[in-house]
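Here is a small set of exercises to work through with the structure open beside you. Try each task yourself before you read its solution.

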Number of protein chains: 2
Amino acid sequence: MKTVTFTRAMQTRIYRLPLTAAPRSFCSVPVRMQPRRPQQVLVKENGLQVAWSPSHSSFFHREWLHRNRPGAISSSGQNMQESRSEAPERIRSAAFNGERMTVEVVWEGEAVASEYPVKMLQEQDCSSGALKERSMQRKSTPLMERNGGTVPRISYDRVMTSEDGVFEWMDHIMQDGLCIVQDTPCHEEGEVTKLARRIGNVMDTIYGEIWDVRLEHDPINIAYTSLGLDLHQDLAYYESPPGLQLLHCMRFDDGILGGDSTFADAIQAAELLRKSDKEAFDTLVRVPATFQKIHYARASPVHLKYQRPHIVLNHDEEVVAVFWAPAFEGPLQVPEGQVQRYFDAYKKFAHLVEDEANGLKISFRLKQGETVVFNNRRMLHGRTSFKPSGTESATRHLQGCYLSIESFVSRYNCLLHERSCRSENAYVPRDV
Amino acid sequence: MKTVTFTRAMQTRIYRLPLTAAPRSFCSVPVRMQPRRPQQVLVKENGLQVAWSPSHSSFFHREWLHRNRPGAISSSGQNMQESRSEAPERIRSAAFNGERMTVEVVWEGEAVASEYPVKMLQEQDCSSGALKERSMQRKSTPLMERNGGTVPRISYDRVMTSEDGVFEWMDHIMQDGLCIVQDTPCHEEGEVTKLARRIGNVMDTIYGEIWDVRLEHDPINIAYTSLGLDLHQDLAYYESPPGLQLLHCMRFDDGILGGDSTFADAIQAAELLRKSDKEAFDTLVRVPATFQKIHYARASPVHLKYQRPHIVLNHDEEVVAVFWAPAFEGPLQVPEGQVQRYFDAYKKFAHLVEDEANGLKISFRLKQGETVVFNNRRMLHGRTSFKPSGTESATRHLQGCYLSIESFVSRYNCLLHERSCRSENAYVPRDV
């Protein structure tokens with residue numbers, strides 16, 4: 001076999017990941033900060049130093065302040081062209097206004113002063129201490145460690161009739177990755193989309209807006225069989241896979257053996273792999289898998305492919321995303337020298353999530369009327385195979401739909417904002 | 001100002017980008033390969049060596065072959081659980097079948113042999129030579145260099161009445177980044193979505209499925225004013241911003257002064273920056289900008305934020321994506337030591353795309369009945385400010401909608417596949 005020089009070159013080349021301070025991508029929990037008063041505001045050569053305590057100061061760059069001055073932002077939240085105008089060379093003076101809880105900045109050569117809410121400055125604090133603290137706080141705690149594996153529950157009525165119910169529901173999903181909605185009506189089809197619309201518009205995918213998981217004659221997806229399904233995410237071949245998945249159990253007869261739902265926290269799994277096998281972990285961070293759905297013989301033909309590593313890190317080496325979908329992996333397309341180590345690492349991760357002994361997997365039998373709603377980025381899901389026992393007519397029928405990550409995150413952030421306004425500075429919410 | 005140790009630590013830490021062989025993300029052009037016959041097929045210790053010419057061989061790993069054997073894939077294109085079964089320790093024999101144009105592999109200890117189409121092996125060739133060649137071939141050529149800035153055109157009827165028309169249309173967009181559809185009817189609203197549906201379902205966003213670009217009293221977007229718009233992409237704060245944007249010029253009275261459409265190739269701009277100012281380029285690759293839309297006082301409140309660098313590279317340092325949306329940048333949230341260099345680099349890129357002298361910008365006045373359709377990932381777009389001259393009633397009215405990157409790519413790949421089947425091995429298409 002010839003020497004693969006291409007691969008070697010890549011192994012020795014040195015890269016830097018983007019310096020992103022990005023949170024766990026859609027797998028983080030919101031952070032609430034206690035509001036603070038600045039102890040001192042000092043004009044420095046190129047900006048403003050705000051001291052929150054003797055050991056904690058943050059620095060706001062002159063250009064940053066000028067771009068983000070309230071007057072440069074439109075009523076619809078967009079930056080006006082003025083925001084890109086050259087910042088004055090100097091800040092003339094700055095002062096904290098304790099009554100209005102703002103910091104006022106007077107610019108050299110500009111008639112209009114700028115007033116920044118302290119809350120905003122606190123939220124935008126990018127001192128090393130603040131970045132570290134937030135990074136710690138936003139780490140989600142695996143369900144197994146928080147609730148001993150007990151899946152949180154809420155009633156259908158509570159979600160459908162109050163905004164507080166929606167917030168409570170979404171907060172469960174944010175914290176634990178999933179939540180069961182009890183007593184979802186089963187007499188009509190489409191209830192699952194009514195539930196979804198409490199959050200936002202249903203996401204349209206190659207499976208339509210709503211889909212049925214039950215035995216089909218000529219299935220366009222192996223979920224529409226009675227086979228078991230390994231733990232996986234849906235639509236990992238989309239650039240932006242669904243944020244939430246809702247599965248409404250319309251019917252699940254006692255006569256069906258098996259068909260239990262399974263879940264595992266993918267972020268937790270990745271962290272475990274890092275501890276138990278750093279080499280395998282590094283491989284899954286570096287070698288891109290191929291996710292694909294290629295199926296021409298269906299009403300609406302599909303040919304989608306997306307190459308991405310299974311595990312994604314941010315600059316601080318935190319796991320910010322995991323992509324895992326064994327049934328939808330296309331042929332690996334990487335330099336030849338990477339193939340063996342990829343498969344070795346792949347099998348280790350698969351074993352880690354699937355083997356009951358590792359304690360990552362939770363499983364339960366959905367009951368008719370229950371809707372399990374989960375974060376498709378964080379929680380892998382699957383099921384055990386099933387078959388009717390005796391009675392031929394026994395049925396298992398789930399109806400499902402998706403919400404985009406944008407619908408999920410935007411609605412949650414808006415609810416968080418409302419609650420923060422209502423409680424008058426009780427906390428400063430960090431959006432997710 | 002205190003020492004920012006956090007930043008220093010990050011600057012010295014060494015990272016490696018994923019070893020992705022990923023193409024220019026949705027900005028690449030499709031590659032057509034001439035079909036080849038293997039000259040030799042050799043069983044090696046851990047796989048198969050296929051020699052295409054005396055100087056070009058590719059190696060297929062035993063596990064790779066076993067996972068991707070045709071029998072392990074369902075009729076709907078999914079990997080069956082069998083695909084993950086342990087591969088036999090050895091390949092017993094392998095041979096090229098010239099009549100069937102396949103390579104047959106006999107496994108040690110498995111009764112069923114596996115037959116791989118040569119076309120598939122050629123497409124999956126990951127030898128260093130093949131990877132390099134494809135990387136070269138898929139680079140798009142900027143419109144200015146290919147067509148001297150002439151925007152390709154197609155008639156509405158051709159797109160609406162034939163599949164070949166759709167392919168031709170999409171191929172223009174693939175190659176040049178944009179295309180004008182002529183003679184789009186203007187007597188009814190919603191024509192733009194009819195056009196879009198020739199490709200796929202319209203993408204639902206926070207602006208709905210269809211939106212009007214015209215003067216509004218209380219605009220939810222500054223596009224709905226008469227202000228000029230700097231070159232930008234739409235919805236850069238989405239994890240997956242729209243793939244295609246369609247803008248149908250419903251009405252554009254002669255009495256309107258200004259309102260010209262502007263476009264620039266973002267990939268070309270990034271490459272130019274790399275040449276002219278490597279430090280600025282590196283900064284835009286490493287420091288994540290904040291893209292956001294936060295607007296509570298609208299029918300459907302929005303709070304979305306996404307941090308990402310402006311320029312994204314793959315392992316081979318090719319530019320695979322650019323994100324640019326000056327009006328939708330939220331406060332930069334990066335370590336304090338990065339702020340100054342970010343703004344310096346930012347202004348250089350902004351100047352590069354906006355300054356006419358750099359020759360990146362094309363501009364033209366849309367005519368009533370024209371629909372400009374463009375790749376929102378590759379082509380930045382904007383407009384000059386406008387105002388009525390004399391007559392108060394002069395109007396400029398565009399109607400627009402989006403298609404997701406998945407709709408665009410999937411439909412194009414399917415059309416490519418059909419054409420490749422029809423022409424019987426005339427070429428092996430590489431999907432995009």
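**Exercise 1. Find how many salt bridges there are over all chains, then place the pair Arg153(A) and Glu370(A).**

Solution. Keep in mind that this is a predicted model.
- Step 1: the rule to apply is a side-chain nitrogen of Lys or Arg within 4 Å of a carboxyl oxygen of Asp or Glu. With this rule, the count over all chains is 46 salt bridges.
- Step 2: Arg153(A) and Glu370(A) form a salt bridge through their side chains, with 3.0 Å from N to O. This pair links distant parts of the chain, 217 residues apart. Arg153(A) belongs to strand β8 (residues 153–155) of chain A, and Glu370(A) sits in the loop between β19 (362–364) and β20 (371–375) of chain A.
- Step 3: compare the partners by accessibility. Arg153(A) is partly exposed at 37% relative accessible area, whereas Glu370(A) is buried at 7%.

**Exercise 2. Which helices of chain A are linked by the salt bridge of Arg158(A) and Glu168(A), and are these two residues buried, partly exposed or exposed?**

Solution.
- Step 1: check the contact. The side chains of Arg158(A) and Glu168(A) meet at 2.7 Å, N to O, which is a salt bridge.
- Step 2: locate the ends. Arg158(A) is in helix α6 (residues 156–161) of chain A and Glu168(A) is in helix α7 (residues 163–176) of chain A, with the two 10 residues apart.
- Step 3: classify them. The range from 20% to 50% counts as partly exposed. Arg158(A), at 34% relative accessibility, is therefore partly exposed, and Glu168(A), at 30%, is partly exposed as well.

**Exercise 3. Classify both partners of the salt bridge between Glu356(A) and Lys361(A) by their accessibility.**

Solution.
- Step 1: the N to O distance of this salt bridge is 3.7 Å.
- Step 2: Glu356(A) has a relative accessible area of 55%, so Glu356(A) is exposed.
- Step 3: Lys361(A) has a relative accessible area of 17%, so Lys361(A) is buried.

**Exercise 4. Which residues are linked with Lys347(B) in a network of salt bridges?**

Solution. The network joins Lys347(B) with Glu63(A) and Glu86(A). Reading the chain letters shows that this network has members in chain A and in chain B.

**Exercise 5. Name the residues of the negative surface patch, and place Asp204(A).**

Solution.
- Step 1: the patch is formed by Asp204 and Glu209 of chain A together with Asp204 and Glu209 of chain B.
- Step 2: Asp204(A) is found in the loop between α8 (191–196) and β10 (211–213) of chain A.
- Step 3: with a relative accessible area of 30%, Asp204(A) is partly exposed.

**Exercise 6. Where does Asp183 lie in chain A and in chain B, and what is the sign of its phi?**

Solution.
- Step 1: Asp183(A) is not a glycine, yet its phi is positive, about 60 degrees. Asp183(B) also has a positive phi of about 60 degrees without being a glycine.
- Step 2: in chain A, Asp183(A) lies in the loop between β9 (178–182) and α8. In chain B, Asp183(B) lies in the loop between β9 (178–182) and α8 (191–196).
- Step 3: Asp183(A) is exposed at 63% relative accessibility, and Asp183(B) is exposed at 62%.

**Exercise 7. Describe the overall layout of chain A from its elements, domains and extent.**

Solution.
- Step 1: chain A contains 12 helices and 24 strands.
- Step 2: the domain assignment gives domain 1 (32–137) and domain 2 (143–417) for chain A. Taken over C-alpha atoms, the centres of these domains are 41 Å apart.
- Step 3: along the principal axes, the C-alpha atoms of chain A fill a box of roughly 85 × 65 × 40 Å. Of the 432 residues in chain A, 63% are buried.

**Exercise 8. What distance separates the C-alpha atoms of Phe96(A) and Val50(A), and what distance separates those of His315(A) and Ala223(A)?**

Solution.
- Step 1: Phe96(A), in strand β5 (residues 91–97) of chain A, is partly exposed at 26% relative accessibility. Its C-alpha atom is 9.5 Å from that of Val50(A), with their positions 46 residues apart along the chain.
- Step 2: His315(A) lies in the loop between β17 (311–313) and β18 (319–322) of chain A and is buried at 6% relative accessibility. For His315(A) and Ala223(A), 92 residues apart along the chain, the C-alpha separation is 37 Å.

Note on methods:
Residues are numbered from 1 along each chain as its sequence is written. Chains are lettered from A and ligands numbered from 1 in the order in which they are written. This is a predicted model: local features need pLDDT of at least 70, side-chain atom pairs count only at pLDDT 80 or more; totals for chains, interfaces and linings use all residues. Side-chain values use heavy atoms; hydrogens and water are left out. Patches are made of residues with over 30% relative accessible area and no salt bridge: like charges are joined within 9 Å, nonpolar side chains (Val, Leu, Ile, Met, Phe, Trp, Tyr) within 5 Å. Accessible areas come from the Shrake-Rupley method with a 1.4 Å probe; for residues, only the protein chains shown count as cover. Lys and Arg count as positive and Asp and Glu as negative; His and the chain ends are not counted. The place of a charge is taken as NZ of Lys, CZ of Arg, CG of Asp or CD of Glu. Helices (H or I, at least four residues) and strands (E, at least two) are DSSP runs, numbered from the N terminus. Buried means under 20% relative accessible area, exposed over 50%, partly exposed in between (1.4 Å probe, protein chains only). Domain bounds come from an automatic or database domain assignment.
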